[in-house]
Amino acid sequence: MEATSSLTQEALGSEAQRDRHRRILDATIALASEGGFDAVQMRAVAERADVALGTLYRYFPSKVHLLVSALAREFEQSQAELAGSPALGDTPHARVMHVLGRSTTYLKQDPLLTEALVRAFMFADAGVSTEINRVGRMLTSALTDAMHPGAEPSEEDVAIAKVIGDVWLAALVGWVTGRTSPGDVEKSLDVAARLLLR
């Protein structure tokens with residue numbers, strides 16, 4: 001039943017396919033919220049989404065594909081919710097910290113879901129590159145917008161945003177694996193942002 005890649009949004013031509021896709025991601029997020037990474041089993045997702053197991057594998061060839069796709073959707077929704085309120089602060093450092101603080105607060109509201117999504121991101125390989133790159137582009141865009149609102153980001157801005165995003169992900173990994181606290185996430189981000197946005 002393994003496939004090489006998941007169906008892209010563009011490949012979901014019919015309303016029925018888009019509805020199935022949405023139900024699958026809804027089921028994935030619900031299971032992850034209830035029990036974390038281990039609770040997301042392909043058979044359980046198929047049952048909750050009311051789709052055949054073979055259909056689920058056609059949409060998402062692995063659990064990691066499934067969870068990273070859910071992460072992309074959750075991140076996209078969180079950014080859409082925050083888009084109406086611009087980042088606060090008088091400096092690029094302050095605005096970037098505001099954006100990351102809001103995103104971290106959003107993730108802390110559902111720790112089991114966050115644990116599942118971050119673990120999937122850690123385990124992702126080249127087969128999930130489309131979904132990983134989508135998350136990366138959204139995060140980079142949010143950070144460069146905070147650095148210089150309304151301006152076209154330079155190559156250096158994009159490079160800085162990517163490094164800050166990497167620090168954020170590493171800090172989240174430390175948090176969900178119990179090595180660090182939420183306060184440590186903020187400290188790591190503050191140091192990285194302060195050094196890079198001088």
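**Exercise 1. Charge balance**

How many positive and how many negative side chains does the protein have, and how far apart do the centres of the two sets lie?

*Solution.* The model is predicted. Count the charged side chains: 20 are positive and 26 are negative. Then take the centre of each set. The two centres lie 3 Å apart.

**Exercise 2. Fold and dimensions**

Work out the secondary structure pattern, then test the radius of gyration against the globule rule.

*Solution.* Start with the elements: there are nine helices and zero strands. Along the sequence this reads α-α-α-α-α-α-α-α-α. Next, apply the rule. For 198 residues, a compact globule would have a radius of gyration near 16 Å. The protein has 17 Å, so the value agrees with the rule. Along the principal axes, the C-alpha atoms fill a box of roughly 55 × 35 × 30 Å.

**Exercise 3. Packing and surface**

Find what share of the residues is buried, and what share of the surface belongs to carbon and sulfur.

*Solution.* Of the 198 residues, 43% count as buried. The accessible surface comes to about 10,100 Å². Carbon and sulfur atoms own 54% of that surface. Now turn to contacts between residues at least 6 apart in sequence: 68% of them join residues at least 24 apart.

**Exercise 4. One residue**

Is Thr144 buried or exposed, and which residues does Thr144 contact beyond its sequence neighbours?

*Solution.* Locate Thr144 first: it sits in helix H7, residues 129–147. Its relative accessibility is 7%. Buried means under 20%, so Thr144 counts as buried. Finally, set aside neighbours within four places in sequence. Thr144 is then in contact with Pro153, Asp157, Val158 and Ala161.

Conventions
Residues numbered from 1 in each chain as written. Predicted model: local features only at pLDDT ≥ 70, side-chain atom pairs only at ≥ 80, totals over all residues. Heavy atoms only, no water. Helix = DSSP H or I, 4+ residues; strand = E, 2+ residues; numbered from the N terminus. Buried < 20%, exposed > 50% of the residue type's maximum accessible area, 1.4 Å probe, protein only. Contact = heavy atoms within 4.5 Å. Rg over C-alpha atoms; globule rule 2.2 N^0.38 Å. Areas by Shrake-Rupley, 256 points an atom, 1.4 Å probe, with all protein chains shown as cover. Lys, Arg positive; Asp, Glu negative; His and termini not counted. Charge placed at Lys NZ, Arg CZ, Asp CG, Glu CD.
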